[in-house]
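Take a walk through this protein, from its interior out to its loops. Keep the coordinates open as you read.

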Amino acid sequence: MVLEIVKRRSPRPAGRFVRPAGFAASALLASALALSPVQAAVTDDPSRAPAVTTTIGATAIAQFYEARGGSAVWFAGGHPGAAHRLMTLLATSDLDGLDPRQFDLRALQKAVRRAEGGNSVDIERADRMLSLAFVRHATALRRVGTGEWRIVDREAVPAALHASDLLRQAAASGTVETFIENMGWMHESYSGLRQQLYDARQRGDRVGAARIRINMERASLLPASGRYVLVNTAAQRLYMYENGKVVDWMRVVVGKPAQPTPMMAALIRYTSVNPYWNLPSDLVAERIAPNVVKSGLGYLKAKGYVVLSDWGDNPKRIDPATLDWKAIAAGKVEVRMRQNPGPANAMGRMKFMFPNKEGIYLHDTPNKELLNEDARLLSAGCVRLEDAPRLAKWLYGEPLNVPKGGKPEQRVDLDQPIPVYLAYLTAVPSGNTTVFYEDIYGRDAQRLAAIGQRQVALR
C-alpha cells in the first residue's frame, strides 16, 4: 500500500473487503480468539464497543426463513462460499472495533463444517446461526464511532436495518459472497478502509492503522444508500450521492484551523435566496473597520454594509457617521453589521440551510478565485461552494430561480429534506492504496494521543 499525503486531490471513495491472502479460516478464528499485543494496540480499544446480545433479530430471522420456505442464504445452491466469506468477516471483526468473541466463532465453525457434509438439517441450522451472527455484526457497526459527530437531526443518522431487511438485501444481492465482501450495508468507503487497516497491521504500521481505524469510525455513520450530500472537509470537496454512489462533486472552501468546520449530520430543509450576511463582530474589527478608517464611509455603501442597533429580530439602522471606527478597528467597540444582497454579498445568491446552533450552512460565494487554491481553509466554519446553482438544481430537480433585486431572504423549502454530512475523512481508500489527507484540524492527532495514553494505562 502506498501512503500519500495530499491537500487537494480527492479520489472517489471506493474499495472492498477481500479475504486476507494466505490466511486460512482456522488461522483467522484462532487469532480472533486471542488478539496479539500489536493488534490490540491499534484497534482503538475494541473492548469499549457495545456488547451485542444474542436475542437481536431472532424472531425476525425465523419469520424471514418461513417466508422463503426455509431456503438457505449462506449455503445457496449447496455452495458454502458465502458462509466462509461471512466467517472471515466475523473472525476479523476486531478490525471494526468489535470483539470477535461476541459471535461464538467456535460454535459457528463447527456448524459450518457439519453443514458442508450436505445434510439438510445441518445446513438449515448452520444457515440460521450465520444469519443471526450477520445481523448482530451489522447492527453493532451502527453503534460504533458517533462520538465526534454533532447530530443536528436524528433522522440523518442511518439506523441499523431490521434483521429481515438485512437478510433480504443480502439474498437479493445476486451474489451473497460479493455482498459480504463489499459490505453492501455500509458506506462504500468502509470496506476499502477495512482492507487497508488489515494491510497496515500486517506491515506493522501502527500509526497508519490507527488513523485508518479512526476514519472507519467516522465513516460508520454515513449511509449505505439513498440521496444525500457529503462534504469531506479534509479533502475540501462536496459529493452528491444517489443510491450510495457519487453522481457529482465540487470543490469547497471550509473553516480555517482556528475556526474549523464541525463534523455534523443534519437535514437540508430549505434554501435562502438573496440572503443577507450577518458579519461576526471580530470580522468587523479585522476587515471592515480598517477599510472604513482608510477609505471613508463610502466603502460601506459600495459594499452594501449596514450598521444595526442590536442582534434582535427587529433591529434599527444606525448612521455609521455616528460611530468611532478607530475604536471598532481596535476591538474596543462592538457593532452589528449586515451586508445586503447583491453582487458583493459574501453569501452569494443563495445559502442552503440545515438549522443548527453553530450557525453552519452551505452557501454561494462571489470569490470564485478562492476555489482554485490548493488549501481552501478560509471560512469561519461555513462551507463555500464552487457552484451553488448546480447543487440547487440537483437538490430541487430543476434550476432555482434567483430574481435580481428581489426580496431578501426568500425561503424555498425542499419537498423532502436531504441529509447532509460534514465529515472529516483524512483517510480514503483508492484501489489498493490509502490516500491520507493532511490533518488540518488536528483531530487525528488528538485521537492518536488519547489512544496512546490509553495503551500506556493498560500496560
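Contact here means heavy atoms within 4.5 Å. With that cut-off, V229 is a good place to start. V229 touches L238, Y239, I268, L362, L391, W394, L395, I418, P419, V420 and Y421, leaving aside residues up to four places away in sequence. The model is a predicted one.

V229 belongs to a wider cluster. The largest nonpolar core holds 76 residues. V229, L238, F352, F354, L362, L385 and L391 have the most contacts inside it. Which strand gives this core its largest share? Strand 6, residues 264-273, supplies 7 residues. Another core lies apart from this one. That second core has 53 residues, including F75, L108, M186 and L197.

Now the overall picture. The protein has 15 helices and 17 strands. It has 459 residues, and 51% of them count as buried. Take the contacts between residues at least 6 apart in sequence: 74% of these join residues at least 24 apart.

Next, a helix pair. Two packed helices are described by the angle between their axes and the distance between the axes. Helix 6 spans residues 120-141 and helix 7 spans residues 163-171. Their axes come within 10 Å and cross at roughly 110°. Angles from 65 to 115 degrees count as roughly perpendicular, so helix 6 is roughly perpendicular to helix 7. Which residues meet at the crossing? Helix 6 brings S131, F134, V135 and A138. Helix 7 brings A163, L166, L167 and A170. By class, this contact has 7 nonpolar residues, 1 polar residue and no charged residues.

Charges come next. How many salt bridges does a search of the whole structure find? The search finds 26. Three of them deserve a look, along with one network.

Start with R101 and D99. These two form a salt bridge, with their closest N and O atoms 3.0 Å apart. R101 counts as exposed because its relative accessibility is 52%. D99, at 21%, counts as partly exposed.

The next pair spans the sequence. E358 and R150 meet through their side chains in a salt bridge, at 3.0 Å from N to O. E358 lies in the loop between strand 11 (350-353) and strand 12 (362-363). R150 lies in strand 2, residues 150-151. The pair therefore ties together parts that are 208 residues apart in sequence. E358 is partly exposed, with a relative accessible area of 41%. R150 is also partly exposed, and its relative accessible area is 25%.

E386 and R251 make a third salt bridge. Their closest N and O atoms are 2.7 Å apart. E386 sits in the loop between strand 14 (383-385) and helix 14 (388-396). R251 sits in strand 5, residues 245-255. So this pair ties together parts that are 135 residues apart in sequence. Is R251 buried or exposed? R251 is buried, because its relative accessible area is 16% and the limit for buried is under 20%. E386, at 24% relative accessibility, counts as partly exposed.

Then comes the network. E148, R211, R213, E217, R218, D444 and R447 are joined into one network by salt bridges that share partners.

Finish in the loops, with the backbone. Most residues other than glycine have a negative phi. D104 is not a glycine, yet its phi is positive, at about 50°. Where is D104 placed? D104 lies in the loop between helix 4 (81-91) and helix 5 (105-115). It is partly exposed, with a relative accessible area of 48%.

N243 also has a positive phi, near 55°, and is a residue other than glycine. N243 is found in the loop between strand 4 (237-242) and strand 5. At 67% relative accessibility, N243 counts as exposed, because that value is over 50%.

One last loop residue is G70. G70 is found between helix 3 (58-67) and helix 4. Its relative accessibility is 32%, so G70 counts as partly exposed. G70 and D127 are 57 residues apart in sequence. In space, their C-alpha atoms are 9.7 Å apart.

Terms used: Residues numbered from 1 in each chain as written. Predicted model: local features only at pLDDT ≥ 70, side-chain atom pairs only at ≥ 80, totals over all residues. Heavy atoms only, no water. Core = buried A, V, L, I, M, F, W, Y, C linked by side-chain atoms within 4.5 Å. Buried < 20%, exposed > 50% of the residue type's maximum accessible area, 1.4 Å probe, protein only. Helix = DSSP H or I, 4+ residues; strand = E, 2+ residues; numbered from the N terminus. Axes fitted to C-alpha atoms, helices over the stretch in contact; angles between N-to-C directions. Parallel < 35°, antiparallel > 145°, perpendicular 65-115°, else oblique. Nonpolar A, V, L, I, M, F, W, Y, C, P; charged D, E, K, R; others polar. Salt bridge = Lys/Arg side-chain N within 4 Å of Asp/Glu carboxyl O.
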